[in-house]
Amino acid sequence: MNNSGISTVTQFVLLGFPGPWKMQIVFFSVILLVYILTLTGNMAIICAVRWDHRLHTPMYMFLANFSFLEIWYVTCTVPNMLVNFLSKTKTISFSGCFIQFYFFFSLGTTECFFLCVMAYDRYLAICHPLHYPSIMTGQFCAILVSLCWLTGFLGHSIPIFFISQLPFCGPNIIDHFLCDVDPLMALSCASSPIIEHVFHSVSSLIIILTVLYILGSYTLVLRAVLKVPSSAGRQKAFSTCGSHLVVVSLFYGTIMVMYVSPTSGNSVAMHKIITLTYSVVTPVLNPLIYSLRNRDMKFALHRFFVE
């Protein structure tokens with residue numbers, strides 16, 4: 001909550017995707033369908049892992065936690081977006097905006113760490129299969145999951161707190177469908193390049209380090225897979241890692257455009273499309289990617305829906 005004495009803004013206006021009423025209904029219908037599919041797909045993965053004892057392995061436990069994360073990742077933005085499609089005012093309270101801002105970046109950061117942990121799990125399973133059971137124990141899995149959540153929610157807490165303390169005197173219109181750092185900083189009455197620089201530095205550091213770790217892990221995995229004499233063994237290894245690499249490519253490809261590479265030349269509409277891709281489109285594709293490329297998951301999901 002902003003406690004500055006000169007702040008007069010009590011709510012923000014999220015313009016979202018402007019257009020006539022019929023177009024807003026179309027946007028609402030499409031996003032609602034995507035949201036329902038995201039919840040259904042990720043909940044199905046969680047239930048399949050929970051109820052199929054054959055999936056009680058570290059890889060699927062990480063996947064279930066990842067699906068749980070995706071549900072909350074879309075929920076922190078999509079419901080408010082749906083309300084705004086049908087609203088004439090399209091407002092969000094000051095505190096609501098910064099709560100959304102905090103959860104959006106914290107959950108996104110947690111996703112980066114989960115993708116790293118999943119890459120580490122595949123590296124151990126393929127490059128050190130004999131030591132895998134002794135290293136990736138249930139206790140160690142719980143520690144890794146806890147660290148992902150803890151570091152994800154602590155990573156941006158201090159910069160976001162200081163941004164919330166900046167004075168906002170008006171205007172209060174954000175040309176976006178969510179509360180993001182650049183639109184909020186542009187509305188502040190007091191210029192604060194240090195806070196903005198710290199925020200972008202933290203974001204860039206997390207993204208670059210995690211993506212380098214993932215790429216390094218899969219380089220070692222690829223080298224180990226190519227040494228496997230049997231084609232069936234190579235195919236199985238590629239199958240288990242392929243879905244993870246597709247998810248990594250979709251997620252990191254878009255967030256690096258937004259928060260690492262210079263985006264000043266991109267239009268506001270392009271920023272919205274890029275953000276929509278990694279915050280709404282990617283979470284709905286993840287269950288599809290994992291279920292289609294994994295035989296055990298397909299079988300477990302079939303049993304879950306049929307039985």
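**Entry 1. Ala125**

I began with Ala125, which I found in helix H4. I noted at the outset that the model is a predicted one. I then asked whether Ala125 is buried or partly exposed. Its relative accessibility is 22%, so I entered Ala125 as partly exposed; the cut-off for a buried residue is under 20%. I also looked up a partner remote in sequence: Val221 stands 96 residues from Ala125 along the chain, and the two C-alpha atoms are separated by 9.2 Å.

**Entry 2. The chain as a whole**

I next recorded the overall composition. The protein chain has twelve helices and three strands. Of its 307 residues, 48% are buried. I took the contacts between residues at least 6 apart in sequence and found that 80% of them join residues at least 24 apart.

**Entry 3. H4 and H9**

I returned to H4 and looked up its packing on H9. The angle between H4 and H9 is about 20 degrees, and their axes lie 9 Å apart. Angles under 35 degrees count as roughly parallel, and H4 and H9 are therefore roughly parallel to each other. I recorded a left-handed crossing where H4 passes H9. By class, I listed 21 nonpolar, three polar and one charged residues in the contact of H4 with H9.

**Entry 4. H4 and H7**

How are H4 and H7 oriented to each other? I found that helix H4, residues 94-127, packs against helix H7, residues 157-164, at an angle of about 160 degrees, with 10 Å between the axes. An angle over 145 degrees counts as roughly antiparallel, and this description therefore applies to H4 and H7. Their crossing is right-handed.

I then listed the residues on each side. H4 contributes Phe94, Phe98, Phe101, Tyr102 and Phe105, which meet Ser157, Ile160, Ile163 and Ser164 of H7. I sorted this contact of H4 with H7 by class and obtained seven nonpolar residues, two polar and no charged ones.

**Entry 5. The largest nonpolar core**

Which members of the largest nonpolar core touch the most other members? The core has 88 residues, and I noted Phe12, Phe98, Phe101, Ile163, Tyr252 and Tyr278 in that role. H4 gives the most to this core, with 17 residues.

I followed up Phe98, leaving out residues up to four places away in sequence. Phe98 touches Phe12, Ile160, Ile163, Ser164, Phe168 and Leu184. Among these partners, Phe12 and Ile163 are named with Phe98 in the list for the core, while Ile160, Ile163 and Ser164 belong to the H7 side of the contact with H4.

**Entry 6. Ser204 in H9**

I looked up Ser204, which lies in helix H9, residues 193-226. Its relative accessible area is 17%, and I therefore entered Ser204 as buried. Setting aside the neighbours within four places in sequence, I found Ser204 in contact with Tyr259 and Val260.

**Entry 7. Leu245 in H10**

I located Leu245 in helix H10, which covers residues 231-259. With a relative accessibility of 32%, Leu245 counts as partly exposed. I then checked the position of Leu245 against Tyr218, 27 residues apart from it along the chain: their C-alpha atoms are separated by 8.5 Å.

**Entry 8. H1 and H2**

I examined a further helix pair at the N-terminal end of the numbering, H1 and H2. Helix H1, residues 21-51, and helix H2, residues 58-75, pack at an angle of about 155 degrees, and their axes are 9 Å apart. That angle makes H1 roughly antiparallel to H2. The crossing of H1 and H2 is left-handed.

I recorded the contact residues as well. On the H1 side they include Tyr35, Leu39, Met43 and Ile46. On the H2 side they include Tyr60, Leu63, Phe68 and Ile71. By class, the contact of H1 with H2 holds 13 nonpolar, four polar and one charged residues.

**Entry 9. Lys90**

I closed with a backbone angle. Lys90 is not a glycine, yet its phi is positive, at about 55 degrees. Where is Lys90 found? I placed Lys90 in the loop between helix H3 (78-86) and strand S2 (91-93). Its relative accessible area is 15%, so I entered Lys90 as buried.

Terms used:
Residues are numbered from 1 along each chain as its sequence is written. This is a predicted model: local features need pLDDT of at least 70, side-chain atom pairs count only at pLDDT 80 or more; totals for chains, interfaces and linings use all residues. Side-chain values use heavy atoms; hydrogens and water are left out. Axes are lines fitted to C-alpha atoms, for helices over the stretch in contact, and angles run from 0 to 180 degrees between N-to-C directions. Helices (H or I, at least four residues) and strands (E, at least two) are DSSP runs, numbered from the N terminus. Angles under 35 degrees count as roughly parallel, over 145 as roughly antiparallel, 65 to 115 as roughly perpendicular and the rest as oblique. A crossing is left-handed if the near helix is turned anticlockwise from the far one by less than a right angle, and right-handed if clockwise. Contact means heavy atoms within 4.5 Å. Ala, Val, Leu, Ile, Met, Phe, Trp, Tyr, Cys and Pro count as nonpolar, Asp, Glu, Lys and Arg as charged, and the others, Gly among them, as polar. A nonpolar core is a set of buried Ala, Val, Leu, Ile, Met, Phe, Trp, Tyr and Cys residues joined through side-chain atoms within 4.5 Å. Buried means under 20% relative accessible area, exposed over 50%, partly exposed in between (1.4 Å probe, protein chains only).
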